[in-house]
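Colleague: Could you take a close look at one part of this predicted model for me, namely the open sheet, and go through it strand by strand? Once that is done, please carry on to the helix packing and the loop elsewhere in the chain.

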Amino acid sequence: MAAPNLVNLEAVSKGFGTRTLLDSVSLGVGRGERIGVVGRNGDGKSTLLQVLARREEPDSGRITHNRELRLGYLGQSDDLDPDQTVLHAVLGDVETYTWAADPRARSVMEHLLGEVDHQAQVGSLSGGERRRASLARLLLTEVDLLILDEPTNHLDIEAVSWLAEHVVDRAGALIVVTHDRWFLDEVCTDTWEVQGGRVTSYDGGYAAYVLAKAERARTAQVTEAKRQNLLQKELAWLRRGAPARSTKPKFRIEAANALIEDVPPPRDKLALSQLATARLGKDVFDVEDVSLSFGDRKMLDHVTFRLGPADRIGLLGPNGAGKTTFLKVLTGQLAPDRGLVKRGKTVRIANLSQTLEEIDGTVTVLDHITAIRRTAALAGRGGELTSSQLLERFGFTGDKLTTRISDLSGGERRRLQVLRILLDEPNVLILDEPTNDLDVETLTVLEDFLDSWPGVVVTVTHDRYFLERVSDMVYAIMGDARVRHLPRGVDQYLDELAAGIPRRPASNALTPATEVSTDLSTAENGQVVERPTADAAAARAAKKELNRIERQLAKITEAETKLHDQLAASASDYERLSELDAELRMLADERGELETAWFEAAERAE
């Protein structure tokens, strides 16, 4: 007799207002199952988790938990006590020598909170640090079912890789919502798709889910035009794989080959190169012997680097290693101390982190996009796509075309942002954490669009799948002020980190906050490993400096507001106006100096 499920939903429905997110959903979670939940933003993934965890009551239907079920839940917000220390919030009253002797506890603390001051109060942490502290506390709790809503947010590639290994090795069942497709493929035994109020179950991880959807489309005898869809292309990518991928997707090879036998490679590199050369010329970025320092810290040291037309690179590195600094030097936002940065005359740079604040919310989606550009030329697509066709590819169809921008959801606004920037016809695209707030379907659309987009792409992301999918080469800045090419990509990066790139430990019970000397520890192989603590102390000092500068800037803003009020009240007193104007100029100069100091402190704290 099969063991009973840990959790069962029977004909459960749940809605908000006039929108039904779950419509008569029946499903169960068995022991040892690891389930990934996918679907568009706003379709009910988080609601499903809350109902499963009994954080939300259904409108109808029944939820059944196994007797004595131990359930751990990581939601979008935390319930940590802001007055507690990080160590106490995560570990409770456990003595240091107790958790330090536990390999699992040490691993969790190192990989999730290695750069956080364990003696700091929770209230002083950033949102990302609090998120990692909540995840660490949950992973150190014995549970039968672990429910995680976006656990990979605020984690770098190394931490995501560790988390995947950790949840696979631990006992118990898992339900996880994440947009990280590599994590889904690495961890999950089943996939649930939430769409239109229904939850459809697929065997296997993300790759198997894509295959199953493609097979269903095929058996439904869709037309040839429909058959050549994003699922086909995504499957072709998964089957062929990037050179950097060390493992192949786990699905039936023969079925996959049959579906993709006439699907071309994701990118026609020759066509893209020819079109990119026509738009960009032969030179894009040439960096010659560039060095840059902030105080005593060397960020770039004699770096020589070149980017040509149609190059697509991924940039990796630990937090604070200098990735942001390098991008700012590359794009001209920062001047190097020495060396030369040459940018092509036709280069037009766009950054995907730009916002939509300046857009008129009363304008409809179609009118806004048409006003920017009515058509876009794509390599290998037989000419141009109209604005309506582009909007359709990005999920704006039917009533959505005439919807006002102010009425769009957060995910839809983000999707419109992506399309808006691409339509502005840049030829160099900087993707700085582009996967934030984008669902899997939108990420797939973006990847498909970039396949035929002629131009240079520089990607900085912790989403391993997206990085390998979009980039052709991977470079790393490891904290040594160098920019190095990694022929094996992410795998080589993780291997080098594991081989001895030191993490910057935070101050905790084992490493006093005042310690700035080098701590020598003996590794398992008997070798002596240096664990420098000076960098961590410098980062903490930089964060304190940031707080001090921000308080001063707030005071200047308040003073400027008062002066502007006085200016308005003294409109006819020219002598007084002159005095007030002089005071404003002094404040502006002081603000400029503080903003420069803030930027330098932010680089040190990164």
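Modeller: Ser-293 stands opposite Lys-298 in strand S11, and this pair belongs to the antiparallel pairing of S10 and S11, which extends over 7 bridges. The two strands form a hairpin with 2 residues between them, and in this hairpin Gly-295 takes a positive phi near 65°. On the other pairing of S10, which covers residues 285-294, 5 bridges join the strand to S13, and these two strands also run antiparallel. Two of the partners can be named here: Val-287 has Val-341 as its bridge partner in S13, while Ser-291 has Arg-338 as its bridge partner in that strand.

Taken together, these pairings give an open sheet of 3 strands in the order S11-S10-S13, with antiparallel pairing. Strand S11 (297-307) and strand S13 (338-343) are the edge strands, each of them pairing on one side only. Neighbouring strands of the sheet are turned by 25° against each other on average, if direction is ignored. Helix H13, made of residues 323-331, packs on this sheet and touches S10, S11 and S13, and the direction of H13 makes about 50° with that of S11. As for S10, 7 of its 10 residues are buried, so the strand is largely enclosed by the rest of the structure.

Turning to the helices, H4 (residues 103-113) has two packing partners to describe, H6 and H5. Against H6 (residues 157-169), H4 packs at an angle of about 155°, with the axes 10 Å apart. Because angles over 145 degrees count as roughly antiparallel, H4 and H6 are described as roughly antiparallel to each other. H4 passes H6 in a left-handed crossing, and the residues that meet there are Arg-104, Ser-107, Val-108, His-111 and Leu-112 from H4 and Ala-159, Trp-162 and His-166 from H6. Sorted by class, this contact of H4 with H6 has 4 nonpolar, 3 polar and 1 charged residues.

Against H5, H4 packs at an angle of about 165°, with the axes 9 Å apart, and H4 and H5 are therefore roughly antiparallel to each other. The crossing of H4 and H5 is right-handed. On the H4 side the contact is made by Arg-104, Val-108, Leu-112 and Leu-113, and on the H5 side by Glu-129, Arg-132, Ala-133, Leu-135, Ala-136 and Leu-139. By class, the contact of H4 with H5 has 7 nonpolar, no polar and 3 charged residues. Arg-104, Val-108 and Leu-112 of H4 thus appear in the contact with H6 and again in the contact with H5.

The loop that remains is the one between helix H5 (127-139) and strand S6 (145-149), where Asp-144 is found. With a relative accessibility of 17%, Asp-144 counts as buried, given that the cut-off for a buried residue is under 20% relative accessible area. Leaving aside neighbours within four places in sequence, Asp-144 is in contact with Leu-6, Glu-68, Leu-69, Arg-70, Gly-172 and Ala-173.

Definitions and conventions
Residues numbered from 1 in each chain as written. Predicted model: local features only at pLDDT ≥ 70, side-chain atom pairs only at ≥ 80, totals over all residues. Heavy atoms only, no water. Axes fitted to C-alpha atoms, helices over the stretch in contact; angles between N-to-C directions. Helix = DSSP H or I, 4+ residues; strand = E, 2+ residues; numbered from the N terminus. Parallel < 35°, antiparallel > 145°, perpendicular 65-115°, else oblique. Left-handed = near helix turned anticlockwise from the far one by under 90°. Contact = heavy atoms within 4.5 Å. Nonpolar A, V, L, I, M, F, W, Y, C, P; charged D, E, K, R; others polar. Pairing = 2+ DSSP bridges. Buried < 20%, exposed > 50% of the residue type's maximum accessible area, 1.4 Å probe, protein only.
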